Amino acid sequence: MSARKIEIWHAAGLIDADTRAALLTYEEENSRPLALWAVFGIGALAIGLGLVSVVAANWEDVPGQVRLAIHLALLGGALGAVFFKERQLVAASPWLLEALVAIAATLGLTFFGHLGQVYQTGSPLWMPLSVWLGLFGPALLLTGRSWLTAGIVMGGAIYTAMEYVTSNEALLYAVDDPTLPTAWFATVVGAPVLFAPIAAFFRTRSTRPDFWRRLEQLALTYAVFGASSAAAAASVDVFSNEETSVIGPVGLSVLAGIGVVAGGLVALVRPTLSGRMAGAIIAGAGVTMLLARSVSGVELAAALLFMLLWIGIGAAALKVGWRGVFQLAVAAIAVRLIILSFELASDLLLSGFGLILSGFLILGIAWGAYRVSQQFAPGSDEEGDEA
């Protein structure tokens with residue numbers, strides 16, 4: 001907050017003289033020399049880039065074992081600072097700890113690539129990723145405080161799961177009965193959703209509730225994205241041609257089961273209003289996955305399934321007071337209505353008159369969505385911190 005803004009508020013009569021003086025004193029005592037920090041940052045960046053350039057220029061001349069030793073020493077130093085200096089780092093700045101944790105995780109991930117380069121290994125990508133996740137996942141969960149760490153954990157888990165399934169998909173066609181492999185692959189793909197109940201449990205029992213809230217939100221987002229994608233894919237009849245895969249009958253049933261179980265557990269371990277609504281959304285995403293196959297190829301039914309999912313999300317957001325989520329739900333429904341209008345009237349789009357009608361329809365849907373989002377959306381995120 002700038003001193004100029006405080007003076008404007010005082011001149012407008014929004015704050016009295018005592019409040020003005022208190023604000024100016026607080027801002028002066030807690031001001032941050034951003035320009036000086038920027039200079040230090042530029043200097044540090046220049047030094048870092050110089051070191052990288054020197055190392056890159058002489059990369060081939062450095063023995064592989066020496067490079068690995070240096071890499072491992074840097075990794076050990078970062079982890080040591082995280083675990084032995086955590087309190088001091090948090091006292092100085094929580095963002096400093098987050099940056100150090102992210103650096104340690106990045107060094108750990110690149111170490112496996114470096115190891116493979118030195119010893120010319122050719123293992124599938126999911127193997128080093130899973131080892132990295134197993135080694136660094138606990139450290140990230142034990143120290144994480146922000147979106148950065150939560151995103152690394154969730155993104156790493158999702159990417160590892162997808163790489164595993166992609167690398168081993170041929171197994172489905174190498175066995176007489178692919179039921180068990182399909183169920184296993186679907187379990188791996190759906191497993192990141194289980195971060196939701198784990199995070200919901202710890203967010204009320206930890207000194208880092210913000211981190212666990214963000215991890216729960218990311219898991220919920222993953223579940224909703226998967227269900228929305230399934231409903232959208234159903235409109236183009238994807239599932240009827242996929243019997244032996246994760247999106248086959250067995251795979252979708254497993255994914256649906258994971259969603260329902262995860263949603264129920266979230267509501268159980270966090271029995272607040274927002275906890276129950278978050279659990280209902282995740283469970284609803286699971287049910288959507290199960291129903292997507294039954295409406296595959298039926299454009300109207302698939303669109304209705306998509307919109308029902310987001311109507312449920314909007315209703316939950318309205319009940320709890322998640323303004324942003326409600327507006328997102330309205331926007332998703334509006335976009336799906338526009339796409340449905342093109343699907344059902346594709347012949348009309350070939351004529352000028354049809355394009356005019358489509359244009360007016362798009363404008364009408366957009367205007368209606370805007371009015372709904374403004375008129376019915378919660379005034380503010382009353383329980384935004386509990387979302």
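Is arginine 203 buried or exposed? In this predicted model, arginine 203 is buried, with a relative accessible area of 7%. The residue counts as buried because its value lies under 20%. This arginine offers a convenient entry to the structure, since its charged partner leads onward to other parts of the chain.

That partner is glutamate 216, whose side chain meets the side chain of arginine 203 in a salt bridge with an N to O distance of 2.9 Å. The pair links distant parts of the chain: arginine 203 belongs to helix α10, which covers residues 195–203, while glutamate 216 belongs to helix α11, and 13 residues separate the two. Glutamate 216 is itself buried, at a relative accessible area of 3%. Side chains of opposite charge can pair when their charged atoms come close.

Glutamate 216 also forms a salt bridge with arginine 270, and here the closest N and O atoms are 2.7 Å apart. This contact again joins distant parts of the chain, for arginine 270 stands in the loop between α12 (249–269) and α13 (273–292), 54 residues from glutamate 216 in helix α11. Both glutamate 216 and arginine 270 are buried. Through shared partners, the salt bridges join Arg203, Glu216 and Arg270 into one network.

The count of salt bridges comes to three. One of them pairs the side chains of arginine 213 and aspartate 210, at 3.6 Å from N to O. Both of these residues lie in helix α11, three residues apart, or about one turn of the helix. Arginine 213 counts as buried because its relative accessibility is 11%, whereas aspartate 210, at 38%, counts as partly exposed.

From charged pairs the account turns to nonpolar residues. In soluble globular proteins, nonpolar side chains tend to be buried together. The largest nonpolar core of this model has 78 residues, and those with the most contacts inside it are Leu215, Ile282 and Trp310. Helix α11, spanning residues 209–234, gives the most to this core, with 13 residues. The surroundings of tryptophan 310 can be described in detail: when residues up to four places away in sequence are not counted, tryptophan 310 touches Val224, Ser228, Leu328, Ala329, Ala332 and Ile333.

Another part of the model contains an enclosed space. The structure holds one cavity of 30 Å³ or more, and the volume of the largest cavity is about 60 Å³. Its lining consists of Leu79, Val82, Phe83, Val101, Ala104, Ala105, Phe136, Ala139, Leu140 and Thr143. The elements that give two or more residues to this lining are α4 (64–84), α6 (94–119) and α7 (126–143). Helix α7 gives the most, with four residues. By character, the lining residues divide into nine nonpolar, one polar and no charged.

Helix α4 also includes glycine 64. At 11% relative accessibility, glycine 64 counts as buried. Its C-alpha atom is separated by 8.9 Å from that of histidine 114, although the two residues are 50 residues apart along the chain.

Taken together, these features can be followed in the model from one helix to another. Helix α11 holds glutamate 216, which is joined with Arg203 and Arg270 in one network, and this helix also gives the most to the largest nonpolar core. The lining of the largest cavity, in turn, draws two or more residues from each of α4, α6 and α7.

Notes:
Residues numbered from 1 in each chain as written. Predicted model: local features only at pLDDT ≥ 70, side-chain atom pairs only at ≥ 80, totals over all residues. Heavy atoms only, no water. 1 Å grid on protein atoms, 1.4 Å probe; cavity = no way out; pocket = protein on both sides within 12 Å on 5 of 7 lines; lining within 4 Å. Points joined across faces, edges and corners; volume = space filled by probe spheres on them. Nonpolar A, V, L, I, M, F, W, Y, C, P; charged D, E, K, R; others polar. Core = buried A, V, L, I, M, F, W, Y, C linked by side-chain atoms within 4.5 Å. Buried < 20%, exposed > 50% of the residue type's maximum accessible area, 1.4 Å probe, protein only. Contact = heavy atoms within 4.5 Å. Salt bridge = Lys/Arg side-chain N within 4 Å of Asp/Glu carboxyl O.
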